[in-house]
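Open the model in your viewer and set the side chains to sticks. The tour moves from one pair of charged side chains to the next.

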Amino acid sequence: MLISRNGKLTSHHYYTNRNVYRVHAGFNLHMEPITIFAVALAGALAILAGIFEDLESDTGSQSNPNSQVQLAPQIGHLHRYFNKAISGEPPAYGFWSATGATVAVLLQTRFLSGFGEMHSVILASIFGALVAASILSFYAIFAHISRTASMRPFKQPLQLDVILSPLPLFFAYGFLAVLCITLISFITNMVLLNPFPVPLIALLFGITLGTIGSSTGDIHYGSERLYQTFIFGSGIPISKQGDIDVKAEYGFRNSIDTPYFTSRFGGPVTGLCFGAIVFLDNWSRLFNFAGKWTPILLGIIIIILLFIINLSIEIYTRNRFNEFTKE
Amino acid sequence: MDPIIALFGIIIGGTLVGVCVHFIPCSAVGAMSATTGIATGPTMLASGAGMMGLMAAAYNLDNGLALMLASGAIASMLMIALTSVVANITYAFGVGVAPTSGQSEYDRFTGFEQKQCLTPGTDGHGIPTQSFISGVIGAAMGGIGGVLVFYSVYTLISPSIAQATAIAMAGIIAVGIYIINGVLPAYTLVGKTEGMTDEKFRTTPKTLYSCLIMSTVSGIFIYAASVVI
């Protein structure tokens with residue numbers, strides 16, 4: 001963070017004044033309309049970031065379902081899926097988000113005099129996200145080539161159109177996800193006044209976003225999209241792993257078709273999860289009815305409500321699916 | 001905070017982070033609905049939760065350690081609870097399976113029979129109540145551990161450098177120590193655990209010792225770099 005909200009102070013002055021302002025204004029600071037707007041905007045951007053992150057990882061078979069794409073040639077299914085996982089999603093997204101945010105912070109100081117504060121942040125974030133998306137695309141190409149090369153004993157071919165055709169998708173989804181994270185990081189630092197610098201906030205949010213994308217949306221890809229021939233309403237037995245669908249309605253199935261399926265459920269669900277985390281975490285800090293401990297009390301209430309929701313889902317699914325799984 | 005107490009803060013915090021991973025129900029093959037747990041690596045999920053804890057705790061840097069620890073724990077718990085709920089929503093409506101433990105006959109908290117909802121050939125799927133509670137407990141430990149490391153490092157280095165830089169450096173070091181200690185349990189969990197009801201939970205002492213050694217070495221280096229030198 002280099003410039004304060006009024007656009008006149010340097011980083012040193014900013015941090016000094018921020019603390020003084022907080023001490024004098026107390027918790028009423030958090031009730032400013034701009035803070036409430038920022039909380040809502042951060043939540044909305046987090047929803048978008050979650051959706052795009054999940055679709056990007058599904059398109060490239062990143063994260064855990066990747067093991068199935070990797071196994072398929074070993075049991076005789078030659079496929080045309082893009083296969084790019086080398087690291088897990090959390091470190092990967094942490095790295096891309098931190099890269100994008102670092103470039104954005106550097107450019108924002110350059111753009112500040114010419115474009116003003118808000119526009120400089122938006123413009124710098126776009127350039128930062130472009131850099132991160134370019135790195136992501138290069139990473140994806142080399143990861144796919146090296147992964148496919150390791151499948152040579154199983155006759156998995158390396159096809160040029162499989163590499164080139166999904167690249168615009170990675171670039172677009174990766175760009176949008178990193179752009180959203182960079183903007184959330186600027187909002188968190190500049191308006192919500194988190195003391196961490198923007199790139200570190202982006203790293204932390206990136207790791208969390210990757211974790212959530214890997215935990216929620218990828219289930220829809222790994223359990224349903226890759227195994228659509230299996231009947232709905234069952235897990236994939238260990239003995240069937242690697243037996244993925246390689247045929248589409250017409251010809252071989254490819255990675256461009258994957259978001260067509262996962263954007264209907266997996267992507268929005270990931271967005272819902274990350275958006276809810278960012279929004280509820282910030283929202284609990286807007287209130288002041290029990291002094292400093294208000295966010296803690298609200299957090300405990302939300303966790304108890306989530307426990308009840310989880311239990312309700314468990315009871316619902318047991319009643320709904322019990323008869324089927326008994327067979 | 002006294003520098004020596006801060007050193008112990010790093011050691012205790014790092015060890016808590018390592019132990020917390022054993023509580024968090026995770027499995028890589030969970031993405032194929034083939035085992036119980038949230039469908040990602042235990043280290044990764046613990047890290048994601050810890051990062052949210054650090055973010056929330058940083059807001060309370062001026063309000064004392066107790067509030068920081070509480071807000072870090074709550075934010076981590078919120079992250080794990082929401083991820084578990086949304087993962088169960090995906091299992092319910094996207095895959096069509098009920099949350100089931102592959103290792104327990106009955107759920108320890110609800111008493112539900114587990115085997116009747118288990119897809120044949122799998123080792124469970126989803127996050128049943130016992131794993132949900134275990135995950136939330138683990139997230140609280142991880143959040144407290146991460147924030148303890150962050151605050152200890154911050155108090156160690158803040159007298160010698162500017163406040164903004166000290167906050168950033170302490171945050172980066174806390175993330176580093178979190179991930180180092182989060183990775184160590186991977187050698188005993190081998191990518192899959194159902195939480196505190198899992199048989200692998202008995203291997204927690206091994207993790208405890210390794211994380212204790214790792215955190216002590218890290219803590220001594222940070223102490224030496226900031227106080228002695």
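Select A:Asp281 and A:Arg285, two side chains joined by a salt bridge whose closest N and O atoms are 3.1 Å apart. This is a predicted model, and the distances on this tour are computed from it. Switch on a surface and look for the two residues: A:Asp281 and A:Arg285 are both buried. Side chains of opposite charge can pair when their charged atoms come close.

Next, select A:Glu56 and A:Lys84. Their side chains form a salt bridge, with 2.9 Å from N to O. Which parts of chain A does this pair tie together? A:Glu56 belongs to helix 2 (residues 33-59), while A:Lys84 sits in the loop between helix 3 (66-71) and helix 4 (89-115), so the salt bridge links parts that are 28 residues apart in sequence. A:Glu56 is buried, and A:Lys84 is buried as well.

Stay in the loop between helix 3 and helix 4 and select A:Arg80. Its partner in a salt bridge is A:Asp161, and the closest N and O atoms of the two are 2.6 Å apart. A:Asp161 lies in helix 6 (residues 160-164), so this pair ties together parts of chain A that are 81 residues apart in sequence.

Are these two residues buried, exposed or partly exposed? A:Arg80 has a relative accessibility of 23%, so it counts as partly exposed. A:Asp161 has 38% and therefore also counts as partly exposed. Buried would require a value under 20%.

To finish, show the salt bridges over all chains: the count comes to 4.

Conventions: Residues numbered from 1 in each chain as written. Chains lettered and ligands numbered in written order. Predicted model: local features only at pLDDT ≥ 70, side-chain atom pairs only at ≥ 80, totals over all residues. Heavy atoms only, no water. Helix = DSSP H or I, 4+ residues; strand = E, 2+ residues; numbered from the N terminus. Buried < 20%, exposed > 50% of the residue type's maximum accessible area, 1.4 Å probe, protein only.
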